[in-house]
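Let's take a walk through this structure together, with the sequence and the model side by side. Have your viewer ready.

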Amino acid sequence: MSESTKVTGRADVPTQGQAPVRAATARWRWAVAGLLLAAAVFAPFQLVPFHVFQLTMVLVYAVALLGLNLLVGHAGQISLGHGAFFAVGAYGAAILLDRWDVPYLVTLPIAAGVAFLLGLALGLPAMRLRGLYLALVTLAIAIFLVPLLKRFEEVTGGSMGLTLPKPVPPAWTGLAEDQWLYFLALAVALISFVLAAGLLRSRVGRALHAIRDNEAAAEVMGVRLSFYKTLAFAWSAMFAGAAGCVYTWVIGFVSPDSFVVTLSITLLAGIVVGGLGSLSGPLLGALFVMYVPSISQDINKAAPGVIFGLLIIAVMYVAPTGLAGLAGRAAHSIKKTLRKG
């Protein structure tokens, strides 16, 4: 019996008719990914610095949402405290740079590792809960983080935060500062997406999907619920910590007010709008998180929050499974049209 059968309870063997379809779909996905990567590499040389900065922040949020998608979309657990782990990564990198002058690239694995361990420690008790009770516990984590950061002023800078120099591009690259930061964020995002894709294709990914679909059935089939739930919580925190570290590089400043509860709620809204359980969902959600608030501000400066909320409602009405589901349906319709032609 295969691992797929052990975890999901059914054999995952494509029929003769399904194999060509899956192969064509895989080729189409690789082609789209290649075009997107080429556009991503080309973009910073054609845009003004502010727009390059916006795209850099899209990549930062995409990495954070990738972790949240792992927990919510693939493991089926609700979290309202993802912004706290984002802050842990940001402050971890900032303190390393400010106090010990650690090289920038070294701060990335350290910040991600600290967030992973913290997520593992908090995940052990939190994963005994589910549903709204788990959401309440994770919300509490996001709430108490801000006053905690303000309390240890000698380390975190208190309410004033910490100001840091941004990474300087090596002379041999010939890149401007904004372009160098963009390519750093792009490299981290690519590595993160490859790691997440590999994880989800493994036995661990199948176990998470089994837990999401039916916890009782997954437990009967031998899936250790608490073990995989805790790991999902830790991995989610790790990606958030990595994103927070890159955020510190890009912004060059951290303060407690940058990581209030609203950040966690916005990230959760972003992954739901982007599309739960899809690898493209975090990227689409990051675009939504980055650009829609600015659009809301332009539409109505007096009540941007109202416009933002209405836009979320409109998107979910048009695409109830998220933007990734809408894109998938559009691509399917295009392929059907091309076949008929």
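What follows goes from the surface to a pocket and then to an enclosed cavity. Please keep in mind that this is a predicted model.

Start on the outside, where Phe144, Leu148, Phe152 and Val155 make a nonpolar surface patch of about 340 Å². To find Phe144, look in helix 6, which covers residues 131-151. Is Phe144 buried or exposed? Phe144 falls between those classes: its relative accessibility is 45%, so it counts as partly exposed, since the range for that class lies between under 20% (buried) and over 50% (exposed).

Now turn to the second largest pocket, with a volume of about 350 Å³. Its lining has 20 residues, and those closest to the pocket centre are Val88, Tyr91, Leu118, Leu145 and Leu149. Helix 4 (82-99), helix 5 (104-126) and helix 6 each give two or more residues to this lining. Helix 4 supplies the largest share, eight residues. What is the chemical character of the lining? It divides into 18 nonpolar residues and two polar ones, with no charged residue.

Finally, look for enclosed space. The structure holds one cavity of 30 Å³ or more, and the largest cavity contains about 30 Å³ of space. Around this cavity you will find Leu59, Val60, Val63, Ala185, Val188, Ala242, Ala243 and Val246. The elements giving two or more residues to that lining are helix 3 (49-74), helix 8 (177-201) and helix 11 (225-251). The lining of the largest cavity is made of eight nonpolar residues, with no polar and no charged ones.

Terms used. Residues are numbered from 1 along each chain as its sequence is written. This is a predicted model: local features need pLDDT of at least 70, side-chain atom pairs count only at pLDDT 80 or more; totals for chains, interfaces and linings use all residues. Side-chain values use heavy atoms; hydrogens and water are left out. Patches are made of residues with over 30% relative accessible area and no salt bridge: like charges are joined within 9 Å, nonpolar side chains (Val, Leu, Ile, Met, Phe, Trp, Tyr) within 5 Å. Accessible areas come from the Shrake-Rupley method with a 1.4 Å probe; for residues, only the protein chains shown count as cover. A salt bridge is a side-chain nitrogen of Lys or Arg within 4 Å of a carboxyl oxygen of Asp or Glu. Helices (H or I, at least four residues) and strands (E, at least two) are DSSP runs, numbered from the N terminus. Buried means under 20% relative accessible area, exposed over 50%, partly exposed in between (1.4 Å probe, protein chains only). On a 1 Å grid over the protein atoms alone, a cavity is a set of points where a 1.4 Å probe fits but cannot get out, and a pocket is an open set with protein on both sides within 12 Å along at least five of seven lines; lining residues have an atom within 4 Å of a point. Grid points are joined across faces, edges and corners, and a volume is the space filled by probe spheres set on the points. Ala, Val, Leu, Ile, Met, Phe, Trp, Tyr, Cys and Pro count as nonpolar, Asp, Glu, Lys and Arg as charged, and the others, Gly among them, as polar.
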